[in-house]
Amino acid sequence: MSVEGKVKPTTISKLLAMKQNGEKIAMLTAYDYTFASIAEQAQMDMILVGDSAANVMAGYETTLPITVDNMIYHAQCVTRAAKTPFVVVDMPFGSYQGNSDVAVANAIRIMKETGASAIKMEGGIEIADTIKKIVNCGIPVVGHLGLAPQSINKYGSYGVRAKEQQEAEKLMSDALALQEAGCFAITLEKIPAELATKVTKALDVITIGIGAGVNCDGQIVVTDDIMGKFTDFAPKFVKKFANLHDTVLDGVRQYSKEVKDLEFPSKKESFELNEREKEIIIKKKWKVLIQ
Ligand code: KIV
């Protein structure tokens, strides 16, 4: 809280202090103004404008098709409402994996046009040099290890990652490389809880888990999954905190029924002329308004 009693915007130093103090960090995805307003009211620590928007907003099967322009649009909607949570925007597939100058230009564009506080990128040591360049521009970066949905075509499944020694060792060295490159946080997706615990202990920077157990410094989930809005499938790590699908479906069915039964709109939701307005209209012979 500030002196005026207002909640101050969350900063990286506050998030790092939360790790030091053992206070867990709560993060959710958001893609639009109305949900970001709710996250703001709930005093969410962090918001991710995830490229999962490709799935839950646009209906694509993978996150690959979403563009920098699409991400900027979603992030602008979110930052109009989210004034206190720390807002991170996913760099979409193809915007950073190739030429690092292009990656820097895309990261700068996202920061300039959205007012977000950081960007997130999937990958380990292979993108460390690019991360260094982006961090050197003054842009905070969140890494992303474990299940990397942008690489789905390489792996062919969304299964649990790093269950075996070699992959677990690679993940640990990637995490250290990302910290060294300047990431202030790393998302750990769908890896054994034991490995996430070890990585979290080994790092000074923050770990944010999704399907990575309770010992990460914070947790992130796709909002549409945990609020029961996206029901096409539900990974094991998803817990339903609300059932928006059924609530909204009931509402939509009721609306449709009332329209057909002439129950909606009723007098309460209509604008009818009062007696005085009717008198004036008759006097002035405004035929469109009277029979
Ligand atoms: O895009 C996204 O929502 C993410 C989370 C799954 C971490 O990257």
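## Strands β7 and β8, and the barrel they belong to

In this predicted model, strand β7 (residues 206-210) runs parallel to strand β8 (residues 218-221), and 2 bridges hold the pairing on record between them. If you want a spot to look at, try G209: its bridge partner in β8 is Q219. On the outside of this pairing scheme, so to speak, there is also a helix to consider. Helix α5 (residues 100-114) packs on the sheet, where it touches β3 (86-90) and β4 (118-122). The direction of α5 makes about 145° with that of β4.

Zoom out and the β7-β8 pair turns out to be part of a closed barrel of 8 strands. The order is β1-β2-β3-β4-β5-β6-β7-β8, with parallel pairing. Ignoring direction, neighbouring strands of this sheet are turned by 25° against each other on average.

## Two nonpolar cores

The largest nonpolar core counts 62 residues. Those with the most contacts inside this core are I119, M121, I134, I186 and L188. Which helix gives the most to this core? That would be α8 (residues 165-181), with 6 residues. A second core, of 16 residues, lies apart from the largest one; among its members are V88, A185, I208 and I210.

I134 is a handy residue to click on here. Leaving aside neighbours within four places in sequence, I134 is in contact with A103, V104, A107, I119, M121, I139 and V141. Two of the names in that list, I119 and M121, also appear with I134 among the residues with the most contacts inside the largest core.

## Helix α8 up close

Two residues of α8 are worth a visit. A181 lies in this helix and, at 4% relative accessibility, counts as buried. Not counting residues up to four places away in sequence, A181 touches A128, I131, K132 and V135. A181 and A128 are 53 residues apart along the chain, yet their C-alpha atoms are separated by 5.6 Å.

D174 also lies in α8. Is this aspartate buried or exposed? With a relative accessibility of 7%, D174 counts as buried. Beyond its neighbours within four places in sequence, D174 is in contact with G124, I125 and L145.

## Helix α4 and what it leans on

Helix α4 (residues 68-79) has 12 residues and reaches 16 Å from its first C-alpha to its last, close to the 16 Å expected at 1.5 Å a residue. The buried residues of α4 are V68, M71, I72, H74, A75, C77, V78 and T79.

What do those buried residues pack against? The list takes in helices and strands: α2 (33-41), β2 (46-49), α3 (53-56), β3 and α5. Two of these are already familiar, since α5 touches β3 as it packs on the sheet.

## Salt bridges

Side chains of opposite charge can pair when their charged atoms come close. The structure holds 12 salt bridges. One of them joins the side chains of R109 and E113, at 2.9 Å from N to O. These two are 4 residues apart in helix α5, so about one helical turn separates them. R109 is partly exposed, with a relative accessible area of 29%, and E113 counts as partly exposed too, at 35%.

A further bridge brings together the side chains of D224 and K229, at 3.5 Å from N to O. Here the acid is buried, D224 having a relative accessible area of 7%, whereas K229 is partly exposed at 44%.

## The end of helix α11

Helix α11 (residues 244-260) has 17 residues and reaches 24 Å from first C-alpha to last, close to the 24 Å expected at 1.5 Å a residue. Just after α11, L262 takes a positive phi of about 60°.

A salt bridge turns up here as well: D261 pairs with K257, and the closest N and O atoms are 2.8 Å apart. D261 is partly exposed, with a relative accessible area of 39%, and K257 is partly exposed at 44%. Elsewhere, salt bridges that share partners join D69, R109 and E113 into one network.

How values were computed: Residues are numbered from 1 along each chain as its sequence is written. This is a predicted model: local features need pLDDT of at least 70, side-chain atom pairs count only at pLDDT 80 or more; totals for chains, interfaces and linings use all residues. Side-chain values use heavy atoms; hydrogens and water are left out. Two strands pair if DSSP finds at least two bridges between them. Axes are lines fitted to C-alpha atoms, for helices over the stretch in contact, and angles run from 0 to 180 degrees between N-to-C directions. Contact means heavy atoms within 4.5 Å. A nonpolar core is a set of buried Ala, Val, Leu, Ile, Met, Phe, Trp, Tyr and Cys residues joined through side-chain atoms within 4.5 Å. Buried means under 20% relative accessible area, exposed over 50%, partly exposed in between (1.4 Å probe, protein chains only). The expected span of a helix is 1.5 Å times one less than its number of residues. A salt bridge is a side-chain nitrogen of Lys or Arg within 4 Å of a carboxyl oxygen of Asp or Glu.
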